[in-house]
There are 2 protein chains.
Amino acid sequence: MNIKRNIYLEMTPLARARDLFLEKFADFRMTRTEKMPVPDAVGRILAQPVFARASAPGYHAAAMDGVAVLAENTYGAAEGRPKTLTIGEDAFYVNTGHILPDGCDAVIMIEQVDVHDEGRIDIEAPAFPWQHVRKMGEDIVATQLLFPQNHLVTPYCVGALIAGGIFHVPVKKRPLVVILPTGKEMANPESDPDTIKPGQIFESNSHMLGKMAEAAGGRYERWETTIDDLDLIKEAVKKAADGDADMVLVIGGSSAGSEDCTKQTFLDLGEIWVHGVTMMPGKPVILGKVRGKPAVGIPGYPVSAAMAFEQFVAPLICQTLGVPAPQREAVTVEPTRKIASRLGLDEFVRVKLGKVGNRFVASPLPRGAGTITSLTQADGIIRIPSSSEGILQNKPVTAELLRPLSAIQNTIVAVGSHDNALDILADELKSRYGDLTLSSSHVGSLGGLMAIKNGGCHLAGTHLLDTADGSYNVSYVKKHLPDIPVCLVTLMHRDQGLMVARGNPKRVKGVEDLGRDDIRFINRQAGSGTRILLDYKLAAVGMDPARIAGYESEEYTHMSVAVAVLGGVADVGLGIFAAARALDLDFIPMVTERYDLAIPLQYMDTDPIRHLLDVIESATFKNRVAELGGYHMEETGRRIVVNTA
Amino acid sequence: MNIKRNIYLEMTPLARARDLFLEKFADFRMTRTEKMPVPDAVGRILAQPVFARASAPGYHAAAMDGVAVLAENTYGAAEGRPKTLTIGEDAFYVNTGHILPDGCDAVIMIEQVDVHDEGRIDIEAPAFPWQHVRKMGEDIVATQLLFPQNHLVTPYCVGALIAGGIFHVPVKKRPLVVILPTGKEMANPESDPDTIKPGQIFESNSHMLGKMAEAAGGRYERWETTIDDLDLIKEAVKKAADGDADMVLVIGGSSAGSEDCTKQTFLDLGEIWVHGVTMMPGKPVILGKVRGKPAVGIPGYPVSAAMAFEQFVAPLICQTLGVPAPQREAVTVEPTRKIASRLGLDEFVRVKLGKVGNRFVASPLPRGAGTITSLTQADGIIRIPSSSEGILQNKPVTAELLRPLSAIQNTIVAVGSHDNALDILADELKSRYGDLTLSSSHVGSLGGLMAIKNGGCHLAGTHLLDTADGSYNVSYVKKHLPDIPVCLVTLMHRDQGLMVARGNPKRVKGVEDLGRDDIRFINRQAGSGTRILLDYKLAAVGMDPARIAGYESEEYTHMSVAVAVLGGVADVGLGIFAAARALDLDFIPMVTERYDLAIPLQYMDTDPIRHLLDVIESATFKNRVAELGGYHMEETGRRIVVNTA
């Protein structure tokens, strides 16, 4: 293995890299066209200007139901001095849209006509010429420009085109993006998830990028995964670039490691201008060309892949089609906590958003490039420019929206303790009220109460044991939120206990065993209810936490603790039964505790919270949670109001 | 023909009508599902919550290229006191993404490794447990909720689903909207536009609404047009409602005229709750049900059809799918002129938008329900509530956006005289600069100068003859815009003359003939350059405008004048050669005039205007305009600066 390699990238500033790349392909325009029936052209880009072939209306048309006349025949009619017209001679019944009979130039509304007998009518006011008439060409004049080239065809356009006598239009072909996944650890996503081998991951990036290419106006072909072999990758890239591809993406191997072949592939077949960009995620991107066609090396971490695509490939597809690159709606938000960032890098921080009171609050999601769920859970992206060391808590910044503003305004922001029942609650809420979303961030019970204090959420999940009297939550709310009236709504009671590997190989019986030399523990973060419970139990048996190996290793959710036990990172963790059961771990029960939602009274009467409470009290919700195991729903929905006078 | 009918509708307030309609179908939910490969599910709605089947990563993975170790083997290493590890024994080369070898719990970056010899390495710092390791489940834990039901699948979701071992998902079937066009005047849009008969129009609404149904998440079937016959329409509606349709739309015949069958159809087959809604366009809408399925009578005017669909059908499709109705981005705009509106009606005014200086200006488009081009040309819609009599010039109001804000910010707003060359200019601009749009409103030359004065546009097309000295534009700019430095850029010279029917049947020779008893004239609006030219020519021959029949009939564009002559509304009109030629009219030349773009100096140096000027001076633009006929491009691009010190 060659380890003498340059593993540092020469980073190009993001804006400069994009400008350079787009400039290199400024003349690379989609000139191939296809003629399509107008309705099928929706979403496509016109290749040529389109001129109307017919006028609309193509004749003088009645704009009202009534009687068509020649205006000058009606002159002299007045109230009390009616004029009589004869149907079929100088008056003709017409309905809206009908052609005006020859010799007529006006319509009298039927309401203003007095029917004398079957053949004659009286009118008591004159018509003026062209009243209630849609004149020929009022909407569209034959030969007029309907749409310029490069126009995006919308459903409205379909109406105008057909009205103008156009039934087929020439549109630009969609640029073909050939996507080549690479990497020997990639498993094919058609295989059974249960048969995936250790060390393998499902190759998902190519499918995601392909769909992003479609959204940008392109089309894609996903080619089979190539292992990290320079010759094989070169062969595939060459074949793609020599074929129909309009651009070639190679996923993975874009960095400078020993198995990273993309750079060499592009250098051997063409040239590169950029290797490494000052962006995070997405740093190790490669921009070049092969056989005159754009060639991009896409980093393998999924968030990096998505960001690199959005910064370089999507704008190039749009430029190729002659349309502006899409821009996301932006909104001013206030971060719920400080977010540090590295100088010299443009960082894309994924955030959850919600409107709490009259401000939009942004909670940062995990920042790792490998965390695709940080993108799918995100409502927006805050871009921290390379010149900044980060952004401050509560200091307004701009976020690009990934969901519509209205959806964010209809999001209930939950911050606090993690419980699997919150997922069920979110699902049931969305099932009943499709426009409402429950968005949960997991910072522990105390963190949730702090978020209420700082106006960062609508509610907080909390299970804080008062070790003095065995009560839950009330004393904590009184202490930490003395000025905020809060309703504690019981979500459920749940079993907490020790999670161990299936079969309990180390024969753990209780917290007394945590000090054993052969046992490695995995802990929850300080401020979480579970951590408080652990410390209480340790104190009760007189055990010094310093004796516990792994006491300082912290995870933020029950599921993370469970997976640490499952993966052998630890032998024991404290958590809820549902998490142990989900991953098929053994569970040693310790305590049944109350889990409440703390909701400031000011939100209790809002529509979203009322709907949420309805769901909580529904039989469906209770049954679904009970089925997870380890939950007790007898007191679900019970309310205690704290901090009112 | 039965003319004793109730032609007045019982109008229901818009908001109440919509709430009632949606409430009636609150339980009408899409329960039919289909299982799809994950990439094909993009844009669809999940029918069930989706839980991960695999963890991602499914193993502890190296997060850096380097050497995998057991952290405790490295303790004691320090700068100047290196520790030596043996490759293959207690150190293992790994690349990013590789599985951690058994017994390892940390990775040391390759940059921090000193290669002793092929088999041994030195390190000068200890590793801590789990450094540079992506722990199993860091992104996704098997069994965790990936997405709740009713979730919209995006390209990002594809990445998360496949990473979580999910390759197929259950999505809701798209509700089927069966669309039944009616009306005997409807021609089939597959026919040749040249063969359309007088009194016929192309049936375009069904195609437009079908595409709107798709955009809302539904699918559609367009059934053949039915003539206005109660039995035939009933038969079709019955067949649709008895069949697979999830909702039935009948287009046309929704009012209360003698040929309007929709109401009776619904009453005979089911029931109706609303006939007539306080909205404009879109008043005569019918809301009901047939065979338990939603049935909507859609008005036949295209803008009415679109508005009725957006207010009732699109929200119903979304409710059926369990997702929120789409909401358009809104922006605060200032109308360029007063817009009156009828009390008691919610009016949807289509407007062109642009950013002039630091405000968004809104120019209203034609308000007729029959003008589909008012929708396709619109950038936004201002909704004037039923409680308002209208909105005021320059008074900020909210507009819903039909195009992205960024596109509106890249729009050059032209207000002023109409000329066909502006269409060519718009097309050429869009061809070269896909992100720029030239948006023209036609209010005449003087109107354009007034728009500059009021900050309502970036430039004004103008051809104002100074009858004192025969010069163009300069004296008008000095008089009307004394405080605004303006650059007059010549777009072209053009021939103006009298347009008459092919063959000149009334043997018109010049303006002297306009006073003849057998001649009907069609005029341009006051303030237009063409009107000023006409009045000047009339004065020159000493003719009194009062002698001209039709002098008071005004149109706003050359093409409208031409179409009036073509359609026999008038015998003669004054206009440009290009308009006469487009409609194959005869043309009697009178004068060649200069047509300038008046551009305030403050905008001359902005990117959009510089690009526009580049296009104006290009050979392609000049040649294309010259080909229209009647244009002279010798002085195109010449600049005169007016009103500078």
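Two strands count as paired when DSSP finds at least two bridges between them. Keep that in mind for the second half of this tour of a predicted model.

**Stop 1: the A/B interface.** Select chains A and B together. You'll see 114 residues of chain B in contact with 115 residues of chain A. Between them the two chains bury about 9300 Å², with 63% of that on carbon and sulfur atoms.

Now look for charges: there are 2 salt bridges between chain B and chain A. For one of the partners, pick Lys135(B), which forms a salt bridge with Glu555(A); the closest N and O atoms are 3.2 Å apart. Switch on polar contacts too, and the count across these chains is 26 residue pairs, both residues at pLDDT 80 or more.

Next, color the side of chain B that touches chain A by element. Those supplying at least two residues each include β11 (145-147), α3 (205-215), α6 (302-321) and α13 (558-566). The largest share comes from α2(B), with 8 residues. By residue type, this side of chain B splits into 56 nonpolar, 28 polar and 30 charged.

**Stop 2: strand β17(B).** Select residues 247-251 of chain B; 5 of the 5 residues in this strand are buried. Show side chains: Met247(B), Leu249(B) and Ile251(B) point one way, while Val248(B) and Val250(B) point the other.

**Stop 3: its partners.** Add β13(B), residues 176-181, which runs parallel to β17(B) and is joined to it by 5 bridges. Here Ile179(B) sits opposite Leu249(B). Then add β21(B), residues 293-298, parallel to β17(B) over 4 bridges. Leu249(B) turns up again, this time opposite Val296(B).

Methods
Residues numbered from 1 in each chain as written. Chains lettered and ligands numbered in written order. Predicted model: local features only at pLDDT ≥ 70, side-chain atom pairs only at ≥ 80, totals over all residues. Heavy atoms only, no water. Contact = heavy atoms within 4.5 Å. Buried area = accessible area lost by both parts, 1.4 Å probe. Salt bridge = Lys/Arg side-chain N within 4 Å of Asp/Glu carboxyl O. Polar contact = N/O pair within 3.5 Å; in protein donor to acceptor, adjacent residues only side chain to side chain. Nonpolar A, V, L, I, M, F, W, Y, C, P; charged D, E, K, R; others polar. Buried < 20%, exposed > 50% of the residue type's maximum accessible area, 1.4 Å probe, protein only.
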